[in-house]
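Got your viewer open and a selection box ready? Here's a walk through the model, one pick after another.

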Amino acid sequence: MHFTSLLSLIVTSLALVSAVPISPSEIATNSAKGLRLLDLSEDTEPVWKTEDEVLDLLRAGVNFFDVTEVYVDQQKWASTAKLAKTSGTSAKLATFPAPSHQTALRPILQTVSTANMQTSLTALTNFNNRYYRATTGASASTWIRDKIQGYITQYSRSDVTVSLFTHTYVQSSIIAKIPGTDPSGPITIVGAHMDSINLSNPTSGRAPGADDDGTGTVNLIEGFRALLAAGFRPTTPVEFHWYAAEEVGLLGSQAIATNYKNAGKSVKAFMELDMSGYFRPGSTEVMALQADFIDEGLNTFLKSLITTYSRIPWAMDTPCGYACSDHASWYRAGYPSSFPFEAVTGNDNPTITRHPTPPASTASLGRTPSSLPKLVSHLSPK
Ligand SMILES: *[C@@H]1O[C@H](CO)[C@@H](O)[C@H](O)[C@H]1NC(C)=O
Ligand SMILES: [Zn+2]
């Protein structure tokens, strides 16, 4: 054993021994001062950062869970949180059947409209930004809620609901619920984040967020519409979630996953769509399954869905890293999660927000329009 690794082992052990839960009063005091509690890695306790330090971390491309508002709740279910933190980065919690809804689903896939998605994407990118503390970020939430309510009305589905899930900042998440014929059955959730950020000037800088994550957002809107138009009545409940404040530490999805966990809700599966609009010209188009903070059983099911319903093959990506998108919030709450992405790392969109100096335009879509509907084939009809 190298001396340095021995040393790091000792330091890690000491850190574990000295790990005392942060008290609710410390959290109240520090968050009142504007400090944020960030969970930066699996092996370390969360640390307090100023808002400027938070922005500097984002600019450096560091991902984290901002646990300021959920730390106390997460301590209550420390055993699953610990599982997620210490037993590797994926688990097998769930088993799923072979795809069996080809007859019902294939005609619905034919109705998925790329033009509808592009219309929604234009509306979303027309907001100056969708920052979680900007009025335009709040308006983007109500725009999505109203769009979804419009489809509920258009297709006369009074059993289907949509509502804002409000947070401690002006932007809200949006939750649409299609009840199951077994209303108490486990919930299937598809999610995307609806916020965007300009790291040079978060509050008023331009951040169209066309691919990140306008694409995932409009995939869900159009998937929702196509299912309602087809009279979709699932056996178990299906929910569509659009998350606020993903770009600043997964705030929206953590608040909702924590809320569901506290309420004892049973979740059959969670799937995140965060970027589906681009693959590097000249590379092979795939659905790139993220390899960490996911459920192996759910990934196996996704592979069979993709093979059954899509012309695009799946591929395994390299690990996405700690807290890279909203699926990690559900994984940490102990729910089976997954995250198919637009391309394997290196073939994905080079212009997303995390780059320290993003090129001026993020609005171009490299993916052929006909491939966008294919992502909707991930939806589980059960
Ligand atoms: C972000 O904001 C800065 C400052 O307002 C601006 O110069 C830059 O073009 C914006 N970035 C994008 C991608 O629009
Ligand atoms: Zn994203």
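Start by selecting Cys320, which is partly exposed, at a relative accessible area of 25%. Keep in mind as you click around that this is a predicted model. Now add Cys324, which counts as buried, with a relative accessibility of 5%. Show the side chains and you'll see that the two form a disulfide, with 1.7 Å between their sulfur atoms. A disulfide is a covalent bond between the sulfur atoms of two cysteines. Check the dihedral about the S-S bond: at 105°, the link of Cys320 and Cys324 is right-handed. Don't go hunting for others, because the cut-off is 2.5 Å between cysteine sulfur atoms and a search of the whole structure finds one disulfide.

**Zoom out**

Switch to cartoon for the overall view. The secondary structure of the protein comes to twelve helices and 14 strands. The protein has 382 residues, and 54% of them count as buried. Turn on a surface and you're looking at an accessible area of about 15,700 Å², 58% of it belonging to carbon and sulfur atoms. If you draw a contact map, take the contacts with a separation of 6 or more: 80% of them come from residues 24 or more positions apart.

**The six-strand sheet**

Next, pick out the open sheet of six strands, which has the order 5-6-8-7-9-13 and mixed pairing. Which strands stand at the edges? Select 161-165 for strand 5 and 337-338 for strand 13: each has a single partner strand, so one side of each is left without a neighbour in the sheet.

Stay with strand 13 and add residues 267-272, which make up strand 9; the two pair in the parallel sense over two bridges. To see one residue pair, select Phe270 and its bridge partner in strand 13, Ser337.

Two helices to bring up here:

- Select 210-229 for helix 9, which lies across strand 6 (173-178), strand 7 (187-193) and strand 8 (238-243). Helix 9 runs at about 140° to strand 7.
- Select 251-262 for helix 10, which lies across strand 5, strand 6, strand 7, strand 8 and strand 9. Helix 10 makes an angle of about 145° with strand 8.

**The three-strand sheet**

Now move to the open sheet of three strands, with the order 2-1-3 and antiparallel pairing. Its edge strands are strand 2 and strand 3, each pairing on one side only. Helix 3 packs on this sheet, touching strand 1 and strand 2, and its direction makes about 100° with that of strand 2.

Strand 1 and strand 2 run antiparallel, joined by three bridges. Select Leu38 together with Val47, its bridge partner in strand 2. Then try Arg36, whose bridge partner in strand 2 is Lys49. For the pairing of strand 1 with strand 3 (residues 65-66), look for two bridges, again in the antiparallel sense. Asp39 has Phe65 as its bridge partner in strand 3.

Show side chains along strand 1 and look at which way they go: Arg36 and Leu38 point one way, Leu37 and Asp39 the other, and all are buried.

**Around Lys49**

Center on Lys49 in strand 2. Is Lys49 buried or partly exposed? Lys49 is partly exposed, because its relative accessible area is 24% and buried means under 20%. Expand the selection by contact, skipping neighbours within four places in sequence, and you pick up Leu35, Arg36, Leu38, Leu40, Val54 and Leu57. Asp66 is 17 residues away from Lys49 in sequence, with a C-alpha to C-alpha distance of 9.9 Å.

**Helix 3 and a last stop**

Select 51-59 for helix 3 and color Val54, Leu55, Leu57 and Leu58, which are buried. Look down the axis: the buried residues of helix 3 fall within an arc of 160°, so they line one face of the helix. An α-helix has 3.6 residues a turn, so residues three or four places apart point the same way. The cover over the buried residues of helix 3 includes strand 1 (36-39) and strand 2 (47-49). Just after helix 3, click Gly61, which takes a positive phi of about 80°.

Finish on Asn30, in helix 2 (residues 24-32). Asn30 counts as buried, at 11% relative accessibility. Leaving aside neighbours within four places in sequence, Asn30 is in contact with Leu35 and Trp48.

Note on methods
Residues numbered from 1 in each chain as written. Chains lettered and ligands numbered in written order. Predicted model: local features only at pLDDT ≥ 70, side-chain atom pairs only at ≥ 80, totals over all residues. Heavy atoms only, no water. Buried < 20%, exposed > 50% of the residue type's maximum accessible area, 1.4 Å probe, protein only. Helix = DSSP H or I, 4+ residues; strand = E, 2+ residues; numbered from the N terminus. Arc of directions from axis to C-beta. Contact = heavy atoms within 4.5 Å. Areas by Shrake-Rupley, 256 points an atom, 1.4 Å probe, with all protein chains shown as cover. Pairing = 2+ DSSP bridges. Axes fitted to C-alpha atoms, helices over the stretch in contact; angles between N-to-C directions.
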